[in-house]
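Got your viewer open? Let's take a short walk through some charged side chains.

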Amino acid sequence: MLRTVVCRAGSGLLKHSRQTVPALWGTQAQQRWASSLPMNTVVLFVPQQEAWVVERMGRFHRILEPGLNFLIPILDKIRYVQSLKEIVIDVPEQSAVSLDNVTLQIDGVLYLRILDPFKASYGVEDPEYAVTQLAQTTMRSELGKLTLDKVFRERESLNSNIVHSINQASDEWGIRCLRYEIKDIHVPPRVKESMQMQVEAERKKRATVLESEGHREAAINVAEGRKQAQILASEGQKAEQINKAAGEANAVLAKAEAKAKAIRLLSEALTLQNGNAAASLSVAEQYVSAFSNLAKESNTILLPSNTGDISSMVTQAMAIYGSLSKTNTQSTADSTPPETLEVTLEGNTVSETETAQKY
């Protein structure tokens, strides 16, 4: 089916024929083609981003640039008007079969631009229609190489492959495909239901995995907490034992120092006058105190034969003390000069005599 565009050039009529574009293809291209071609008025003003193809006596002559141009009447004729702007074309919906035999309904948008007006005018009868058909066939071919899942995941790579394939064929037409975008992808209802079930199963799987990972992390955290608690408890016990041992050592030292001081004071007191009498009195008091505590903790008691004779017990204790004093005096005499030893012995003899006289 042909459409005739009639335009007036000088005094004659110029008939220009083009193939009719399908109704589903695009109304903007139809309106652009339906507009009449400019007339040769000798002086012409070409708009920006347009290219006017001029023929002289039926042969290509030149392409008018934007701005002021001059033509020869009757001989020069404006044959084609090409727009150099970016053109947007809707690619109608079509059926395609994926690699896993799923029928898809897919449509898209094609963005192209005319780079060479001469090739676009004389290389193909209808460049926009040719590029649209090439986009549809290329899209079906590229979809047949991918499975359904990859179609949704690799839309960008799919678009770039379609653009590359279109540009390889459209170079001879003077057209450059800038980009191709897939608008909608429609799948059969049953396939959509199975996809929905798959998505739900995947989400349940993720939820289960996340829950198990949460339990694992919780168990690890609890174990780490117990480990740290045990470490801290052991360190606390260690510090407690160290402190306790230090306290006991200090207590032992304090007791030893106190006992040493007491012994030193006692020894100093014994060297004084009547020191032995005071020692005898202290021994008698301790004896009476110990005798009063008899049979309080146990029923079995071992007593000496002269338990009631306190004087004999005190005399016996003082005799033991005297023998110990003589032993200490003898050891001291070995390490002291003779003069000092003689005085000491005399002092001890005097004290022992005085004690014997008292008792």
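Before we start, one bit of vocabulary: a residue is called buried when its relative accessible area is under 20%, exposed when it is over 50%, and partly exposed in between. Also keep in mind that this is a predicted model.

Side chains of opposite charge can pair when their charged atoms come close. Here, the count of such salt bridges is eight, and we'll visit a few.

**Stop one.** Select Arg113 in strand β9 (residues 103–114), then add Glu86, which sits in the loop between β7 (76–83) and β8 (87–97). The two form a salt bridge, with 3.9 Å between the closest N and O atoms. They are 27 residues apart, so this pair links distant parts of the chain. Arg113 has a relative accessible area of 32%, so it counts as partly exposed. Glu86, at 31%, is partly exposed too.

**Stop two.** Now jump to helix α6 (residues 189–271) and pick Glu202 and Arg206. Their side chains meet in a salt bridge, 3.9 Å from N to O. Why is about one helical turn between them? Because they are four residues apart in the helix. Colour them by accessibility: Arg206 is exposed at 53%, while Glu202 is partly exposed at 35%.

**Stop three.** Select Arg216 and Glu217, another salt bridge, whose closest N and O atoms are 3.8 Å apart. Arg216 comes out at 49% relative accessibility, so it is partly exposed; Glu217, at 38%, is also partly exposed.

**Last stop.** Go back to Glu86 and Arg113 and add Arg179: salt bridges with shared partners join these three into one network.

Terms used:
Residues numbered from 1 in each chain as written. Predicted model: local features only at pLDDT ≥ 70, side-chain atom pairs only at ≥ 80, totals over all residues. Heavy atoms only, no water. Salt bridge = Lys/Arg side-chain N within 4 Å of Asp/Glu carboxyl O. Helix = DSSP H or I, 4+ residues; strand = E, 2+ residues; numbered from the N terminus. Buried < 20%, exposed > 50% of the residue type's maximum accessible area, 1.4 Å probe, protein only.
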